[in-house]
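Colleague: Could you walk me through this one, ligand first and then the core?

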Amino acid sequence: MKILLVGGGITSALTGMCLRKLLPDCNISLWDKARGAGGRMATTRCSLNPSCTADLGAQYITTTEEYMKANGDVYNHLISEGILEPLKCHVIGMRHQDNTKNFVVPNGTSFLVKNILQQAKINETKFSHHVSSIDLEDGRWIVETKTGEKDYFDVVVLTMPVPQLFLLEGSVKRSIQSLAEPLNTVTYSARYVLVLFYLENINENWGAQYIDNNPIFRYVSIDNIRRNQPENLCAVVLHSTVSFGAKHIEDSIPDMEKVLVSQAKVLFPNWPEPKAVKCHKWRYSQVTNTYPDAPGCVLVSSSAPLVIGGDAFAGSKFDNCIQSSKSICQKVVEALEVGKLFQDITDRSVKPTLDMRHSPSTKQRLAESRVVNRCLSIWQAANIHACVFLFIAHIKVNEYLCYSQYEQLLGKQHMCEDVYLLIGELVRQLDHRM
Ligand SMILES: Cc1cc2nc3c(=O)[nH]c(=O)nc-3n(C[C@H](O)[C@H](O)[C@H](O)COP(=O)(O)OP(=O)(O)OC[C@H]3O[C@@H](n4cnc5c(N)ncnc54)[C@H](O)[C@@H]3O)c2cc1C
C-alpha cells in the first residue's frame, strides 16, 4: 500500500504519524514544493550564522489541559522529550484565558514538524517536489511534479492551502472543481514577516509583545527569549498587521523589506543595526473562515482514496491540525476498509450468483446488478456509511439467495420473490435516506 502525503507541514506530519500507527506496514512518501519541512511552521536561519534561528510562522502552541489529555498520543511524547516547553517569558498584550496553556518549541517550530515526521517513519521524503497534476489510472493515482517526476500511489492526502488545490491539473481538477462552492468559502489573512538577525543580545523586560495602534506592525518577538533560549544568538521577528499584508500583497518583497525595516527602527530606536535581514510574505497566513462546519477533511474520492485536509478544514491552530489529521486518517482507513469489504463481497457473492446462473431469471440478475451498481455509485459519492450499510445488506441478500436456491429446488418459489422484494426495499430505503 503506497500512500503519498502532499505537503510537509504539521497536518501532513501528524497524518503520517497517525497512519503509521493504524497501518504499520504501509509505505508512506511525503512530497513538498519547499526546500524543507515545516510549511507555515517554518524556522529560518541567519545566512551569516546558521545557529541563529527564528520562527517565520506559528509562535505558540496554545491548548487546554483537557485537549492535551484527550490527545496524549500527540502531546505526551512532545512534552516528555522537551520538544514543547511551557512559555516562560513575559508577553505584553497576550490575551490569557484561564484554562489555556501556552507552549513554545525551543528549537524552532519546524523542529516540532520534523520530530513528528520522525515518529511517522516516513519511508521517502522529497523536497523541491511541486505537485502539478494528479490523475487516476487503473484504480491508482499517478502524481506528477512540475519538473516531470512521477509515481503511482494507492492513497493521496493533500494538505496545502485551498487556493493551491485549485492549481492542480489532471483528473483531480474536476473533483476539486465540484467542491468549488464550499472550498471558496475558505479565506485566509495575509501578512509580511520581518526577521532582524542581531547576533547579540537585545535586553528588554519582555520576550514578545502584541503592538496596538500601529498601522504596519502587530507583533514583535525577541525570538530566542520567547523560545526559552536566552543564551542563544538573538533574532527579532516582527509580524505585519493583516490589513498591511492585504494592502501590499502584490508588492515586491524587497520593496516591503525597506518599508518594514524603517518602521522597525521607528518603533525600537535604541536597538543596534541588525547584521542580517529577512523578509517573508505569507500570502496564505491564517485561516479566517474554515470550510463549512470545519469537518477536519473531505474525502474527494473513495474508490482510490484521495483526501483534502489541513487547517482550512479545522482552523489555524496546532490543535485544529491534530483534529484534521485524525479525521484524514479515519477517512483513509474507512475508505480502505470499504474497498476491502467490497472486494470480499464481490468475490463471495459471485460464487452463489454463478451457481444460480443455470436457471437465471432476468428479475434476479436485475436485482443483483442494481445492488452492485448502487454500492459503486454510493462509494464513489463518498457516502461510506451508507455504502457499508448496503454492502452488509448485500451479504444478507446473498445469503438469502443461496438459501432461496435450495428453497427453489424444494419448490418453495415464494422465498425467491421475498428476496427480490427485500432488495427493492433496501434500494428504495437508501434512496430515501440520501
Ligand atoms: C505568521 C503566522 C503565525 C501563526 N501563528 C500561529 C500560532 O501562534 N499558533 C498556531 O497554532 N498556529 C499559528 N499559525 C497557523 C499555523 O502555522 C498553521 O495553521 C499550520 O502550520 C498549518 O499547517 P498545515 O500543515 O495545515 O499547512 P501548511 O503548513 O501550509 O503546509 C502545507 C504544505 O504544502 C506545501 N505545498 C503547497 N502546494 C504544494 C504543491 N503543489 N506540491 C507540493 N507541496 C505543496 C507547502 O509548501 C506547505 O509546506 C500561524 C501561521 C502564520 C503564517
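Modeller: Sure; a polar contact here is a pair of N or O atoms within 3.5 Å, and within protein one must be able to donate a hydrogen and the other to accept it, with residues adjacent in sequence counting only if both atoms are side-chain atoms. This is a predicted model, so to speak for local features we need pLDDT of at least 70, side-chain atom pairs count only at pLDDT 80 or more, and totals for chains, interfaces and linings use all residues. Residues are numbered from 1 along each chain as its sequence is written, and side-chain values use heavy atoms, with hydrogens and water left out.

Colleague: Which residue puts a polar backbone atom 3.1 Å from a nitrogen atom of the ligand?

Modeller: Two backbones reach ligand nitrogens. Val-131 has a backbone N or O atom 2.9 Å from one. The one at 3.1 Å belongs to Lys-33.

Colleague: How much of the ligand does the protein bury?

Modeller: A polar side-chain atom of Asp-311 sits 2.8 Å from a ligand oxygen. Alone, the ligand exposes 1000 Å² (Shrake-Rupley, 1.4 Å probe). The protein buries 94% of that.

Colleague: Which element gives the most to the largest nonpolar core?

Modeller: That core (buried Ala, Val, Leu, Ile, Met, Phe, Trp, Tyr and Cys joined through side-chain atoms within 4.5 Å; buried means under 20% relative accessible area, 1.4 Å probe, protein chains only) has 41 residues. Among the elements giving two or more are helix H1 (10-22) and helix H4 (109-120) (helices are DSSP H or I runs of at least four residues, numbered from the N terminus). The top contributor, with eight residues, is H11.

How values were computed
Buried means under 20% relative accessible area, exposed over 50%, partly exposed in between (1.4 Å probe, protein chains only).
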